[in-house]
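Colleague: I should like to learn how to read several local features of a model. Could you take me through them in turn?

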Amino acid sequence: MQSSVSLLQKQSLVASPQLIESIRLLQLAHAELHQFVEQELEKNPLLEPAPKDDEPFGEVEGPTWAGSPDRPRQGKSLPNATGTAPGDRPALEEFVALAETLHDHVARQIALTAFTPQDRLIAGELAGHLEDTGYLQVNPLELAGSLNVRLADVERVLETLQHFDPPGIFARTLSECLEIQLRQRDRFDPAMAALVANLEMLARRDFQALKQRCGVDEDDLLDMLQEIRALDPKPGNRFQSGAPESIVPDVWVMPSRGGGWQIELDPNTLPKVLINQSYVAEVSRRAGQNSKDMAFLNECLQNANWLIRSLDQRAKTILKVATEIVRQQDAFLEHGVAHLRPLNLRTVADAINVHESTVSRVTSNKYMLTPRGVFELKYFFTVAIASCQGGDAHSAEAVRHRIKAIIAEELLDDVLSDDDIAVRLKETGIDVARRTVTKYREAMNIPSSIQRRREKRLWFSGDQGLKAS
């Protein structure tokens with residue numbers, strides 16, 4: 001039996017913890033990034049937040065310019081998402097009183113209702129299970145068991161609560177929500193009860209079956225449908241569920257005076273930290289020859305330098321990706337969604353010489369403020385639809401927009417099938433199959449041509465009747 005020892009040499013790529021953390025920083029939204037930086041400031045005594053930079057963003061002459069995090073800024077300030085300059089403080093939202101929530105509104109009505117102590121306890125428990133939409137998500141039998149009261153008492157209190165404002169709250173299903181509102185309007189007759197009990201037919205727009213089920217003619221059904229449309233399926237949504245949330249864009253894109261676009265990073269989304277050099281010098285002097293103290297100091301200094309480099313690299317990478325997106329989607333910024341170009345991650349990655357995964361991380365939970373609104377960076381990446389005339393491909397988002405526009409222009413006597421829409425699109429140079437039209441139409445919750453024709457006839461007859469009367 002022979003044994004031998006051999007050496008095998010190979011190369012492998014191993015990601016260090018700091019490299020993994022740097023990669024994670026790329027995909028963090030600005031709120032998460034600020035939280036991460038705050039934690040680092042607490043852990044590292046050598047770090048301190050940089051002073052606020054109140055210098056406004058500059059307007060730079062030239063056809064197209066992309067602002068850099070390192071560039072000094074001078075001149076006129078750009079507005080942020082709320083229309084104010086970044087240096088303006090305080091924000092208007094700080095002086096706006098919070099709107100009354102649904103639970104506050106209900107609690108005030110419970111306090112003004114002549115309940116017994118037990119009924120008030122039951123009402124409070126029912127209100128605690130009220131969703132922000134106004135629906136009740138609790139089983140009355142289970143609630144009666146947990147409170148050790150009779151089921152009849154819970155149902156009696158629930159019936160009282162269902163008369164509260166706004167009409168329709170404390171319902172357990174959509175049908176019950178509509179029924180409550182119709183009863184308060186004294187319009188819950190047998191025909192309307194049959195309509196509310198067959199909402200799935202209404203969703204399918206099966207008006208012929210609804211007329212038979214409700215025992216009414218077309219005119220009566222039209223009146224009933226108009227009443228249903230006037231009801232609120234989610235009565236709690238008219239109340240604010242909490243503090244108002246707003247999207248803070250990471251990138252600003254504004255027209256440049258010299259032509260092209262001016263691109264800047266929002267300074268409010270870029271946390272800045274500095275190393276307190278005087279503190280480092282003082283601690284080094286006091287540590288002296290103590291190896292343990294010097295090791296801790298060197299570790300803190302290394303982590304601080306890593307964080308500063310990582311934040312700077314993150315800002316530069318976001319700016320590179322945003323600049324390339326603007327360059328690729330210049331026609332969209334000029335003319336609208338119909339001119340949105342097909343774009344994928346690889347195209348941007350190759351243009352700025354980074355990996356696709358880097359672009360994917362950068363575009364996650366990042367937003368861009370443009371003259372056409374605020375968009376998530378991922379919005380600009382859509383698949384390509386071929387052109388039947390040999391020209392440039394079309395963006396899937398632009399095709400969906402075109403399909404929606406074609407359907408919106410339909411007349412009563414000219415409702416288009418998916419095949420007809422595909423033909424119309426080919427006439428404009430978009431080579432798309434009927435099944436693709438069907439897929440996009442269904443994704444936009446647009447009914448089929450049969451359902452649209454049936455609905456148009458119903459509404460048209462109703463409009464004619466109103467005009468005649």
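Modeller: Let us begin with burial, in a model that is predicted. A residue counts as buried when its relative accessible area is under 20%, and as exposed when that area is over 50%. Cysteine 214, at 9%, is therefore buried, and cysteine 300, with a relative accessibility of 7%, is buried as well.

Colleague: How many disulfides does the structure have?

Modeller: In general terms, a disulfide is a covalent bond between the sulfur atoms of two cysteines. The count here is 0 disulfides.

Colleague: Which residues of strand S4 are buried on one side, and which on the other?

Modeller: Strand S4 spans residues 261-265, and 5 of its 5 residues are buried. Trp261, Ile263 and Leu265 are on one side, while Gln262 and Glu264 are on the other. In its pairing, S4 runs antiparallel to strand S3 (residues 251-255), with 5 bridges. One of the partnerships joins valine 251 to leucine 265 of S4. The two strands make a hairpin with 5 residues between them, and glycine 259 in the turn has a positive phi of about 100 degrees.

Colleague: How should one read backbone angles, and which peptide bond is cis?

Modeller: Most residues other than glycine have a negative phi, and most peptide bonds are trans. The bond from aspartate 165 to proline 166 is cis, its omega being near 0 degrees. Proline 166 belongs to the loop between helix H6 (151-161) and helix H7 (174-184).

Colleague: Where does asparagine 353 lie, and is this residue buried or exposed?

Modeller: Asparagine 353 has a positive phi of about 65 degrees, although it is not a glycine. This residue sits in the loop between helix H15 (345-352) and helix H16 (356-362), and its relative accessible area of 71% makes it exposed. Asparagine 365 also has a positive phi, near 60 degrees. The loop between H16 and strand S6 (367-370) holds asparagine 365, which is partly exposed at 41% relative accessibility.

Colleague: What is the volume of the second largest pocket?

Modeller: Rolling a probe the size of a water molecule over the atoms shows where empty space is left. The second largest pocket has a volume of about 420 Å³. Of its 17 lining residues, Leu202, Ala203, Arg205, Arg229 and Glu455 are the closest to the centre. H7, helix H9 (199-203), helix H11 (218-229) and helix H20 (449-468) each contribute at least two residues to this lining, and H20 supplies the largest share, 4 residues. By class, the lining has 12 nonpolar residues, no polar ones and 5 charged ones.

Colleague: How many salt bridges does the structure hold?

Modeller: Side chains of opposite charge can pair when their charged atoms come close. The structure holds 19 salt bridges. One of them links glutamate 179 and arginine 183, with the closest N and O atoms 2.9 Å apart. Both residues lie in helix H7, 4 residues apart, about one turn of the helix.

Colleague: Is glutamate 324 buried or exposed?

Modeller: Glutamate 324 is buried, with a relative accessible area of 8%, whereas its partner arginine 327 is exposed at 54%. Their closest N and O atoms are 2.7 Å apart. The two are separated by about one helical turn because they are 3 residues apart in helix H13 (residues 291-328). Elsewhere, Asp119, Arg150, Asp153 and Arg156 are joined into one network by salt bridges that share partners. Within this group, aspartate 153 and arginine 156 form a salt bridge with closest N and O atoms 3.1 Å apart. Aspartate 153 is buried at 8%, and arginine 156 is partly exposed at 40%.

Terms used: Residues are numbered from 1 along each chain as its sequence is written. This is a predicted model: local features need pLDDT of at least 70, side-chain atom pairs count only at pLDDT 80 or more; totals for chains, interfaces and linings use all residues. Side-chain values use heavy atoms; hydrogens and water are left out. Buried means under 20% relative accessible area, exposed over 50%, partly exposed in between (1.4 Å probe, protein chains only). Two strands pair if DSSP finds at least two bridges between them. A disulfide is a pair of cysteine sulfur atoms within 2.5 Å. On a 1 Å grid over the protein atoms alone, a cavity is a set of points where a 1.4 Å probe fits but cannot get out, and a pocket is an open set with protein on both sides within 12 Å along at least five of seven lines; lining residues have an atom within 4 Å of a point. Grid points are joined across faces, edges and corners, and a volume is the space filled by probe spheres set on the points. Ala, Val, Leu, Ile, Met, Phe, Trp, Tyr, Cys and Pro count as nonpolar, Asp, Glu, Lys and Arg as charged, and the others, Gly among them, as polar. A salt bridge is a side-chain nitrogen of Lys or Arg within 4 Å of a carboxyl oxygen of Asp or Glu.
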